[in-house]
Amino acid sequence: MYSEIIQELSSLNKDDINKIVLSKSKQEIQKATVRPMLLKNNRKWQIEKIINNQAFHSNIEYHDLESDVLSLLEKYEFCDINIILKGKTISYRVSKKKKLFRNEHKTAVKNNTILSHDVPKKYILEEGMPILPLVDLGVFDSNFNVKKSKYDKYKQINRFVEIIADEFKSYDKDELTIIDFGCGKSYLTFIIYYYFAFVKKINVKIMGFDLKDDVVKHCNAIAEKYNYKNIRFITGDISKIETCQEHVDMIITLHACDTATDYALFFAIKNRIKHIFSVPCCQHEVNQQISNKNEFSIILRHGLYKERFSAILTDAIRCEVLQDHGYEVDVVEFVDFENTPKNAMIRAKYKGKQVSLENNMHLKKIVEEFSIRPTILKLFGEKYLRDGE
Ligand SMILES: C[S@@+](CC[C@H](N)C(=O)[O-])C[C@H]1O[C@@H](n2cnc3c(N)ncnc32)[C@H](O)[C@@H]1O
């Protein structure tokens with residue numbers, strides 16, 4: 001049964017493999033992870049086994065990957081197998097009847113993270129860089145090393161910057177204006193400012209918006225302390241802002257709560273802002289509204305599925321609306337699920353493409369089928385909702 005996986009593994013370019021995660025074993029083992037590594041400049045694989053919450057490590061030769069993964073699969077009878085590659089993840093699942101199911105999905109292109117005792121993990125904004133606001137915000141210690149408790153957040157903001165940097169690698173203007181909606185403590189806002197102002201040396205201007213006045217004041221004080229002239233924070237409710245006096249090139253949102261993402265996207269669409277990078281979270285609105293009297297009711301029977309389905313439906317509708325307004329859209333996993341389950345990023349770029357009216361009909365059908373009125377559709381009124389509600 002596992003031979004199909006090994007066959008696929010041997011057909012892959014090994015340089016593209018970020019890691020292989022084996023889980024759901026019938027034995028005492030919780031998980032096994034295989035990662036590429038460099039040991040005294042020799043390429044190897046490191047196997048990490050988690051047994052009774054303890055990690056056990058061993059290294060294997062580079063050419064032994066297939067045979068050793070097969071041994072692991074056979075010995076521990078894993079049922080979930082994820083091969084995480086640059087740009088996509090291939091997943092296999094073994095059913096109770098021992099049938100193998102294969103699936104694959106796109107992820108943001110990520111350079112192979114080589115784990116090494118010789119080579120440190122590479123981030124676009126490395127530990128040790130003097131990003132002073134991150135010390136004030138408690139992400140770095142005074143030696144600019146990431147604090148353990150902030151490692152997941154640091155990874156998120158670094159990946160966020162990496163994805164933006166990739167989009168702007170051939171940017172030839174020397175000015176850029178960005179709004180961060182729901183900036184909160186503004187780790188992301190400051191790191192993006194640092195990247196464009198000090199690494200790319202672009203005349204960047206960033207505005208962070210948040211409801212919380214105390215947090216906004218604190219962020220403005222940090223910006224002032226380090227003489228970061230073109231970054232400012234404003235107390236405000238996203239739902240109340242429709243237009244902007246100045247030209248804005250990009251909006252970002254990272255975990256802006258519930259419908260705050262809708263207002264941010266609405267703002268971007270209304271103002272034809274070219275770049276959108278948005279990672280939504282807490283999609284409660286649809287979860288509270290959704291119901292179905294037809295065959296789809298089975299999706300909603302269990303709370304967990306209902307919550308996840310509502311989140312996916314909310315974001316899928318947001319993507320359709322963006323597409324409908326001339327944006328090219330894709331969705332990528334920007335960090336691993338283990339880092340945060342809210343890990344799907346909507347990336348959109350305004351291209352001015354016109355979309356057929358059929359799209360609106362699909363959205364109208366969906367909102368009726370599930371009796372939902374998501375904010376993003378309400379904001380556009382009758383275009384999507386039959387009664388124009
Ligand atoms: C989970 S925090 C995320 C903060 C930050 N982006 C990050 O990832 O660290 C969400 C933030 O969105 C802000 N927020 C929620 N609704 C908002 C609204 N309608 N207008 C402005 N800010 C809002 C909250 O005050 C909070 O600081």
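In this predicted model, the side chain of K212 places an N or O atom 3.4 Å from an oxygen atom of the ligand. That distance falls within the 3.5 Å limit for a polar contact. A second lysine takes part as well: an N or O atom in the side chain of K153 lies 3.0 Å from a ligand oxygen. The backbone contributes through I238, where a polar backbone atom is 2.9 Å from a nitrogen atom of the ligand. How much of the ligand's accessible area does the protein cover? On its own the ligand has 600 Å² of accessible area, and the protein covers 83% of that.

Around the ligand there are 15 residues. Those that come nearest are G182, D210, D237, I238 and L254; I238 is thus the residue already mentioned for its backbone contact.

Let me turn to the domains. The assignment divides the protein chain into domain 1, residues 3-116, and domain 2, residues 133-383. Their C-alpha centres are 32 Å apart. In the contact between them, domain 1 supplies eight residues and domain 2 supplies seven. The buried area amounts to about 680 Å², with carbon and sulfur atoms giving 41% of it.

What polar features appear at this interface? Two salt bridges are counted between domain 1 and domain 2. On the side of domain 1 that touches domain 2, four residues are charged, two are polar and two are nonpolar. The rule also finds one residue pair in polar contact across the interface, both at pLDDT 80 or more. Finally, K19 and D336 form a salt bridge through their side chains, at 2.9 Å from N to O.

Definitions and conventions:
Residues are numbered from 1 along each chain as its sequence is written. This is a predicted model: local features need pLDDT of at least 70, side-chain atom pairs count only at pLDDT 80 or more; totals for chains, interfaces and linings use all residues. Side-chain values use heavy atoms; hydrogens and water are left out. Domain bounds come from an automatic or database domain assignment. Contact means heavy atoms within 4.5 Å. Buried area is the accessible area (1.4 Å probe) that two parts lose on being put together, summed over both. A salt bridge is a side-chain nitrogen of Lys or Arg within 4 Å of a carboxyl oxygen of Asp or Glu. A polar contact is a pair of N or O atoms within 3.5 Å; within protein, one must be able to donate a hydrogen and the other to accept it, and residues adjacent in sequence count only if both atoms are side-chain atoms. Ala, Val, Leu, Ile, Met, Phe, Trp, Tyr, Cys and Pro count as nonpolar, Asp, Glu, Lys and Arg as charged, and the others, Gly among them, as polar. A residue is near a molecule or strand if one of its heavy atoms lies within 4 Å of it. Accessible areas come from the Shrake-Rupley method with a 1.4 Å probe; for residues, only the protein chains shown count as cover.
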